[in-house]
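Reader: I would like to go through the ligand sites of this model, and then a few single residues. Please keep the answers short.

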Amino acid sequence: MKKNTVVIAGAGSTHTPGIIQSLIQKKDTLPLKKLILFDIDEDRLDRVKAVMTQFIKDNYDKELEVIATLDYAEAFTGVDFVFAQIRQGGLEMRRDDEKIPLKYGVIGQETCGPGGSISYGIRSIPGVIKIIEEAKKYSPDCWILNYSNPAAVVAEATRRKFNNERILNICDMPVAILLSYSKMLGLSDWTELDPEYFGLNHFGWFTALYDQTGKDRLPELREKIISTGMEACSDRHHKDKDWQKTWKQYAEIVKDYPEYLPNSYLQYYLYSSDVVKKMDLTHTRADMVIEGREKELKEEYNKFLADPDNYKSPVQEFTVFGDFIVDAAASIAYNKGYRYLVIVENNGAIPNLPADAMVEVPAYLRSWGPEPVARKPISSFYKGLIENQLSSEKLAVDAYFENSYDKALQAIAVNKTVSSTSIAKAILDDLIEANGEYWPKLEKKSY
Ligand code: NAD
Ligand code: G6P
Ligand code: MN
């Protein structure tokens, strides 16, 4: 079996230990010959490297070469897979993305609304493009699996720039939800459920959930969620205190719209003003992440620094983030054709949506790429919501490539989370200032 070289771009992330844990657990599924940790921030890279080195040594074959680097040539030469998970501007800028809209009574969220699709979207695109260009320069045949958010907007940008040649944009949220479903149904693994699903990233619905006998378990699950709520029995990441609010709201969505089971991110669009009321302008999710998993990693690093020779890495818990990307890479590497929910160009998979929409649907992952599954047309409610969100995402990408203030304003104004153009303008002006050099200079068109 051919062994692989994998580079994690954005390796200073607190999600990297989860990926490494999955690479170790799945060393027979995706065997490695070399693991490269790449980041642009030396301190963050050092931290992860220090905390994970002993864990890798103890749990992987001695021949595995592991390097950490800040150098593009060293990081991207001779690689088979790039796992990209960068956050342009870091958690500090995530704070602004969340707080600026919230100041105007609009959802402040990492991947949704003006702070997510537009602010983070326009900021993220050049960072991801740079990674892909470097990867393709040094390893033209490598596959790039991208988690970097906002995945819907990034996927549209990589479609325009690279036609998504050997690029696959993915999200762990459907997997986190499937993990909860599978536990609620008493199944031992999320892969025991074969989902039918349609939508955009963070904007979709499960329409059927087949188990290994071919029975659709969605009706039973719907019943359970409506009567006893959604059990947050997901992985470590998706069950902290703040995530519990999401799972609570999940049951409300199912009660109001019981036809299909939603992606949890729909809460931000379908209940915008209610969710805003529960958000706290002085303490948003970015603050919680900084005080939570960021702090934990720093404390772990301090333990290492106190006694490097006798340092023992902490036991790593399973994350869907790690498991999914490793399984997806293995499916591509060995042409397994596993069926996963991924973000692909529509091309008729959802027949009554534009061919060039980046949609999230089931696809078989082959060594030559994803083969999406086509479904029947979707009905008005879903189509209307999706087309609205899709236009916001496409306009955000237009704004980036055309340096257009007008398109950025339209992207915000059309977004379902924003009720008025005066608010859209005020948010955009604040976002331009906050993003500074991270954004291209946006110009107003003269008419
Ligand atoms: P983080 O800030 O903790 O980690 C990101 C790392 O990327 C940092 O170490 C940073 O130094 C590095 N980085 C930033 N810009 C870079 C660049 N241009 N090139 C290389 N490295 C760069 O963030 P996080 O919370 O761990 O999340 C990482 C990314 O993964 C975010 O975009 C997040 O939204 C995304 N994410 C996506 C999914 C999904 O479902 N698609 C799930 C979880 C996280
Ligand atoms: C899920 C989503 C990701 C998102 C993350 C945020 O995993 O699929 O796209 O980035 O949640 O989680 P956090 O704990 O950082 O708020
Ligand atoms: Mn996601």
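Author: The model is predicted. A residue counts as near a molecule if one of its heavy atoms lies within 4 Å of it.

Reader: How many residues surround ligand 1?

Author: The closest residues to ligand 1 are S13, D39, R44, E110 and Y120. Helices α5 (113-138) and α12 (285-306) each supply at least two residues of the shell. Counted in full, the residues that surround ligand 1 number 26.

Reader: How do the residues of the shell around ligand 1 divide into nonpolar, polar and charged?

Author: Eight residues of this shell are charged. The remaining classes are nonpolar and polar, with nine residues in each. The division, in the order you asked for, is nine, nine and eight.

Reader: Which residue has a backbone N or O atom 2.9 Å from a nitrogen atom of ligand 1?

Author: Two side chains can be set aside, since the question concerns a backbone atom. R44 uses an N or O atom of its side chain, 2.8 Å from an oxygen atom of ligand 1, and N149 places a polar side-chain atom 2.9 Å from an oxygen atom of the ligand. The backbone contact to a nitrogen atom of ligand 1 comes from Y147.

Reader: What percentage of the accessible area of ligand 1 does the protein cover?

Author: On its own, ligand 1 has 850 Å² of accessible area. The share of this area covered by the protein is 95%.

Reader: Which element gives the largest share of the shell around ligand 2?

Author: The shell around ligand 2 has 14 residues, and D172, H237, H238, R285 and R293 come nearest. By class, five are nonpolar, four polar and five charged. The largest share is three residues, and they come from α12.

Reader: What is the distance from an oxygen atom of ligand 2 to an N or O atom in the side chain of Y265?

Author: Side chains of other residues also place an N or O atom by an oxygen atom of ligand 2: for R94 the distance is 2.8 Å, and for E110 it is 2.9 Å. For Y265 the value is 3.2 Å.

Reader: What area is accessible on ligand 2 on its own?

Author: The protein covers 92% of that area. The full value for ligand 2 on its own is 400 Å².

Reader: Which residues are the protein donors of the manganese ion, ligand 3?

Author: The donor atoms are an SG and an NE2, lying 2.2 to 2.4 Å from the ion. They belong to C171 and H202.

Reader: How many residues apart in sequence are the parts that this pair ties together?

Author: C171 lies in the loop between β6 (167-169) and α7 (173-184), whereas H202 lies in the loop between β7 (194-200) and β8 (203-210), so the pair ties together parts separated in sequence. Both residues are buried. The separation is 31 residues.

Reader: Is S331 buried or exposed?

Author: S331 lies in helix α13 (residues 320-333). Beyond four places in sequence, S331 touches K336, G337, Y338, L365 and R366. Because its relative accessibility is 0%, S331 counts as buried.

Reader: What distance separates the C-alpha atoms of D211 and E192?

Author: D211 sits in the loop between β8 and α8 (218-228) and is buried, with a relative accessible area of 12%. Leaving aside neighbours within four places, D211 is in contact with E192, L193 and R217. D211 and E192 are 19 residues apart along the chain, and their C-alpha atoms are separated by 5.8 Å.

How values were computed
Residues are numbered from 1 along each chain as its sequence is written. Chains are lettered from A and ligands numbered from 1 in the order in which they are written. This is a predicted model: local features need pLDDT of at least 70, side-chain atom pairs count only at pLDDT 80 or more; totals for chains, interfaces and linings use all residues. Side-chain values use heavy atoms; hydrogens and water are left out. Donors are N, O and S atoms within 2.8 Å of the metal (3.2 Å for Na, K and Ca); water is not among the atoms, so sites may look incomplete. Helices (H or I, at least four residues) and strands (E, at least two) are DSSP runs, numbered from the N terminus. Buried means under 20% relative accessible area, exposed over 50%, partly exposed in between (1.4 Å probe, protein chains only). A polar contact is a pair of N or O atoms within 3.5 Å; within protein, one must be able to donate a hydrogen and the other to accept it, and residues adjacent in sequence count only if both atoms are side-chain atoms. Accessible areas come from the Shrake-Rupley method with a 1.4 Å probe; for residues, only the protein chains shown count as cover. Ala, Val, Leu, Ile, Met, Phe, Trp, Tyr, Cys and Pro count as nonpolar, Asp, Glu, Lys and Arg as charged, and the others, Gly among them, as polar. Contact means heavy atoms within 4.5 Å.
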